[in-house]
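This report describes the helical architecture of one protein chain and a selection of its contacts. The sequence and the structure are shown first.

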Amino acid sequence: MKSKISFFNKTLFLKNVTLYWPLWGIYTLILLITLPINLWFTYNNSYTVFTKSEKLVLLGHSLNVSGYTIVIVGMAAVTGVLVFGYLYNSRNANMIHALPVDRTQLFGTNVLCGLAFMIVPQVITFVITVFICLSEGVTAIEYLGIWLLLMMATSFVAFAVVTVCAFFTGNAFGYLMYLAVLNFFSTIVSSVIQVVVNIFGYGMSYGNVIPQSIVNWFSPLLSF
């Protein structure tokens, strides 16, 4: 017996994919240019012949996830505005909620759509890069697998924050403000603590209160 409860609507998903294809298309192009295409041109430099070990080192340098953090966060923010933008206009919200799609399907489909916009291009980039590495004799592709898992995890966390912000406010400006505050919350807190320590903790080292590495971990954009 088919379940009457569904968290996914195929029609809505395809509508989002076809309507917002420039967004995920540009994101895919950015990933392809920065990793497989750039790696291929590096390997095929007419002025240098690399050994397999040198090619592996070059691959490791290309798989710097911190360099992709700002791209992922930016992609998540724009995707959230698009898939949840109907919430910021009463007419659009009333029209969509009047359709034969319940709110569970609407929410689930938009979340899956947003994650697909981010993760599918990463998988495509991974597959193409694997073929390039194998064609160049680089067989240690487990590093690419680790890169993909880190990218997917970062995308999931970034879009989760975006989803919370999208449902926590009622307009696009507030959404962006909440998003900025959450991404730099640790920085704001550490700055306040620094001021308090400087005023009341004469002679105390601020670095011993909150290490900068912890602050950067909770505010990943600072590591870019």
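Helix axes are lines fitted to C-alpha atoms over the stretch in contact, and the angle between two of them is taken between their N-to-C directions, on a scale from 0 to 180 degrees. The model discussed here is predicted. In that model, the axes of helix 1 and helix 2 cross at roughly 65° and come within 5 Å. On the side of helix 1, the contact is made by Val17, Thr18 and Leu19, which meet Trp21, Pro22 and Trp24 of helix 2. Sorted by class, the residues of this contact are five nonpolar and one polar, with no charged residue.

**Overall composition**

The secondary structure of the protein chain consists of ten helices and zero strands. Read from the N terminus, the order of elements is α-α-α-α-α-α-α-α-α-α. The chain has 224 residues, of which 38% count as buried. Among contacts with a separation of 6 or more, 76% are accounted for by residues 24 or more positions apart.

**Helix 2 and helix 3**

Helix 2 (residues 21-43) also packs with helix 3, at an angle of about 150° and with the axes 11 Å apart. Helix 2 is therefore roughly antiparallel to helix 3, since angles over 145 degrees fall into that class. The crossing of the two helices is right-handed. Leu35, Leu39, Thr42 and Tyr43 in helix 2 meet a set of residues in helix 3 comprising Lys55, Leu56, Leu58, Leu59 and Ser62. By class, this contact has six nonpolar, two polar and one charged residues.

**The salt bridge**

How many salt bridges does a search of the whole structure find? The search finds one. Its partners are lysine 55 and glutamate 136, whose closest N and O atoms are 2.9 Å apart. The pair links distant parts of the chain, 81 residues apart: lysine 55 belongs to helix 3 (residues 52-62), whereas glutamate 136 sits in the loop between helix 6 (103-135) and helix 7 (142-168). Are these two residues buried or exposed? Both lysine 55 and glutamate 136 are buried. Lysine 55 is also one of the helix 3 residues in the contact with helix 2.

**Individual residues in helices 1, 4 and 6**

Asparagine 16 is located in helix 1 (residues 10-19). With a relative accessible area of 2%, asparagine 16 is buried, because burial requires a value under 20%. Apart from neighbours within four places in sequence, asparagine 16 contacts Asn110, Cys113 and Phe117.

Alanine 76 lies in helix 4 (residues 69-83). Its relative accessibility is 1%, so alanine 76 likewise counts as buried. Leaving out neighbours within four places in sequence, the contacts of alanine 76 are Met118, Ala158, Phe159, Val162 and Tyr175.

Isoleucine 119 is part of helix 6. When residues up to four places away in sequence are not counted, isoleucine 119 touches Met152 and Ser155.

For two of these residues, the table sets separation in sequence beside C-alpha to C-alpha distance.

| Pair | Separation in sequence | C-alpha to C-alpha distance |
|---|---|---|
| Alanine 76 and phenylalanine 159 | 83 residues | 5.3 Å |
| Isoleucine 119 and threonine 28 | 91 residues | 9.8 Å |

Phenylalanine 159 is thus listed with alanine 76 both as a pair in the table and among the contacts of alanine 76.

Methods
Residues numbered from 1 in each chain as written. Predicted model: local features only at pLDDT ≥ 70, side-chain atom pairs only at ≥ 80, totals over all residues. Heavy atoms only, no water. Salt bridge = Lys/Arg side-chain N within 4 Å of Asp/Glu carboxyl O. Helix = DSSP H or I, 4+ residues; strand = E, 2+ residues; numbered from the N terminus. Buried < 20%, exposed > 50% of the residue type's maximum accessible area, 1.4 Å probe, protein only. Parallel < 35°, antiparallel > 145°, perpendicular 65-115°, else oblique. Left-handed = near helix turned anticlockwise from the far one by under 90°. Contact = heavy atoms within 4.5 Å. Nonpolar A, V, L, I, M, F, W, Y, C, P; charged D, E, K, R; others polar.
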